[in-house]
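Reader: I should like to go through this structure in a series of questions. Please show the sequence and the structure before we begin.

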Amino acid sequence: MKLLLLLGDQLCLKHPVLQHINPATDHILMAELPDEASYVPHNKLKIALVFSAMRHFAAALMQQGFSVHYYQYADTKDRWQSFDALLQYQLSCFAYQALYLVEPGEHRLQSQFNQWADSLPVPVRQFDSHHFIFSRQQMLDWFAGKQQPRMEHFYQWARRQTSLLMSGIKPEGGKFNFDKHNRQAWPAHLKPPKVQRFDADEITTKVLALVEKEFTQNPGRLEHFHFAVTPYQAEQALDDFIQTRLANFGDYQDALADDEPGVFHSLLSAYINLGLLDPITVCRRVEAAYYQGQAPINAVEGFIRQVLGWREYVRGLYWHCGELYANNNHFNATHPLPKWFWQGTVRMRCVQQAVSNSLHLAYAHHIQRLMVI
């Protein structure tokens with residue numbers, strides 16, 4: 001009898017680890033834990049999205065015949081704050097012969113996993129993450145020995161490895177990067193199409209009520225919750241982006257537009273990060289739109305560079321640099337963030353919009369985050 005622990009961002013029904021689980025004898029453990037929901041002041045919208053997606057995922061697993069032990073927040077908040085305590089309880093209830101884990105995305109959790117491997121009374125086996133295109137080891141191998149591991153060099157390597165937007169050994173369109181074409185100013189008359197919204201079902205409605213009650217002091221406004229919470233809905237969101245916004249994504253991906261927080265961006269990153277969408281599949285769907293004449297090369301290449309390039313590269317950099325990287329302070333900064341950073345009450349309009357969007361919508365696009373804030 002085996003126990004598989006799945007985290008809230010490991011919601012992939014196609015993960016190979018499920019092929020190693022026997023529905024008749026093995027168990028899957030999932031839990032909404034206080035420590036995971038509060039180790040930083042997460043936005044209410046993020047907490048609600050993760051909890052709702054987890055509950056929908058558990059229901060899908062059970063429909064496929066898996067035995068899922070799922071602990072909701074109301075079950076855990078007064079009993080088990082962390083995975084350590086919950087695992088000790090779960091292992092005491094059944095005669096498990098092994099614990100299966102899927103590689104986490106944070107040093108914080110990887111440290112816990114390593115401790116379990118040394119301290120738990122059952123053998124622990126860790127499987128690779130499935131919601132990145134390259135494995136952690138592939139990324140560590142790429143970074144190894146490079147004095148200047150530039151993203152652009154990685155991106156060209158990744159394009160060759162995946163054959164995305166490649167014509168033989170040459171990049172489609174004659175060059176790897178069309179970023180110079182993606183810096184158009186926002187026209188005053190332009191109105192981007194509305195993003196597809198998803199109504200809350202019974203599961204999500206209960207989650208929203210829970211989050212409003214238990215996380216009253218967290219930022220975020222739950223009336224803005226219209227996210228996809230299942231793989232099927234996430235696929236619809238991908239279709240909606242390709243059909244309505246991809247063609248203009250490139251031209252205006254770096255633009256700021258007053259009261260238009262999403263502009264022509266995909267808003268798919270949360271779904272990829274949770275495992276609801278597969279990143280290589282997303283890239284190939286967008287690539288197909290170029291070959292089918294639905295979107296120009298600068299839009300398609302610009303989007304693929306975000307997913308295949310930056311997302312993979314920064315993840316690799318995170319593991320390459322190690323836990324101590326978070327303590328680096330290159331500019332010797334000592335001042336605390338100003339109070340308005342937590343309120344959005346600042347007169348500079350571009351900053352006010354970027355901070356307010358982050359607080360209220362749990363979203364700000366990359367120029368707002370990296371350039372404005």
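Reader: In what order do the five strands stand in the open sheet?
Author: The model is a predicted one. In it, five strands form an open sheet with parallel pairing. Their order is 3-2-1-4-5.

Reader: Which strands stand at the edges of the sheet?
Author: An edge strand has a single partner, so one of its sides is left without a neighbour in the sheet. Neighbouring strands here are turned against each other by 25 degrees on average, direction ignored. The strands at the edges are strand 3 (67-71) and strand 5 (124-127).

Reader: How many bridges join strand 1 to strand 4, and which residue of strand 4 is the bridge partner of Lys2?
Author: Strand 1 (residues 2-5) and strand 4 (residues 98-102) run parallel and are joined by four bridges. Leu5 of strand 1 stands opposite Leu101 in strand 4. The bridge partner of Lys2 is Ala98.

Reader: On the other side of strand 4, which residue of strand 5 stands opposite Tyr100?
Author: Strand 4 and strand 5 run parallel and are joined by four bridges. The residue opposite Tyr100 in this pairing is Arg125.

Reader: Which residues of strand 4 point one way, and which the other way?
Author: In a regular strand, side chains alternate between the two faces of the sheet. Five of the five residues of strand 4 are buried, so the strand is largely enclosed by the rest of the structure. Ala98, Tyr100 and Val102 point one way, and the other way point Leu99 and Leu101.

Reader: Is Leu99 buried or exposed, and which residues does it touch?
Author: Leu99 lies in strand 4. Its relative accessibility is 0%, which is why it counts as buried. Its C-alpha atom is 9.3 Å from that of Met1, although the two residues are 98 residues apart along the chain. Not counting residues up to four places away in sequence, Leu99 touches Leu3, Leu5, Leu87, Trp116, Leu120, Val122, Pro123, Val124 and Arg125.

Reader: Which residues of strand 2 point one way and which the other way, and how many of the five residues are buried?
Author: His27, Leu29 and Ala31 point one way from strand 2, whereas Ile28 and Met30 point the other way. Strand 2 is largely enclosed by the rest of the structure, because the number of its five residues that are buried is five.

Reader: What are the bridge partners of Leu4 in strand 2 and of Met30 in strand 3?
Author: Strand 1 and strand 2 run parallel and are joined by three bridges. Strand 2 and strand 3 also pair in the parallel sense, over five bridges. The partner of Leu4 is Ile28, and that of Met30 is Tyr70.

Reader: At what angle does helix 2 run to strand 3?
Author: Helix 2 (residues 44-63) lies across strand 2 (27-31) and strand 3. Its angle to strand 3 is about 155 degrees.

Reader: What span should helix 5 have, and which of its residues are buried?
Author: Helix 5 (residues 107-119) has 13 residues, which at 1.5 Å a residue should span 18 Å. Its end C-alpha atoms are 18 Å apart, in agreement with that value. The buried residues of the helix are His107, Leu109, Gln110, Gln112, Phe113 and Trp116.

Reader: How are helix 7 and helix 13 oriented to each other?
Author: Two packed helices are described by the angle and the distance between their axes. The axes of helix 7 (residues 151-162) and helix 13 (residues 297-321) come within 9 Å and cross at roughly 110 degrees. The two helices are therefore roughly perpendicular.

Reader: Which residues of helix 13 does helix 7 meet?
Author: Helix 7 contributes Met151, Glu152, Phe154, Tyr155, Ala158, Arg159 and Thr162 to the contact. The residues of the contact divide into eight nonpolar, two polar and five charged. Those met in helix 13 are Glu301, Ile304, Arg305, Leu308, Gly309, Trp310, Glu312 and Tyr313.

Reader: What are the phi values of Ser163 and Leu267?
Author: Most residues other than glycine have a negative phi. Ser163 is in the loop between helix 7 and strand 6 (166-167), and Leu267 is in the loop between helix 10 (246-252) and helix 11 (269-274). Ser163 counts as partly exposed at 46% relative accessibility, as does Leu267 at 29%. Phi is positive in both, near 65 degrees for Ser163 and about 60 degrees for Leu267.

Definitions and conventions:
Residues are numbered from 1 along each chain as its sequence is written. This is a predicted model: local features need pLDDT of at least 70, side-chain atom pairs count only at pLDDT 80 or more; totals for chains, interfaces and linings use all residues. Side-chain values use heavy atoms; hydrogens and water are left out. Axes are lines fitted to C-alpha atoms, for helices over the stretch in contact, and angles run from 0 to 180 degrees between N-to-C directions. Angles under 35 degrees count as roughly parallel, over 145 as roughly antiparallel, 65 to 115 as roughly perpendicular and the rest as oblique. Contact means heavy atoms within 4.5 Å. Ala, Val, Leu, Ile, Met, Phe, Trp, Tyr, Cys and Pro count as nonpolar, Asp, Glu, Lys and Arg as charged, and the others, Gly among them, as polar. Two strands pair if DSSP finds at least two bridges between them. Buried means under 20% relative accessible area, exposed over 50%, partly exposed in between (1.4 Å probe, protein chains only). The expected span of a helix is 1.5 Å times one less than its number of residues.
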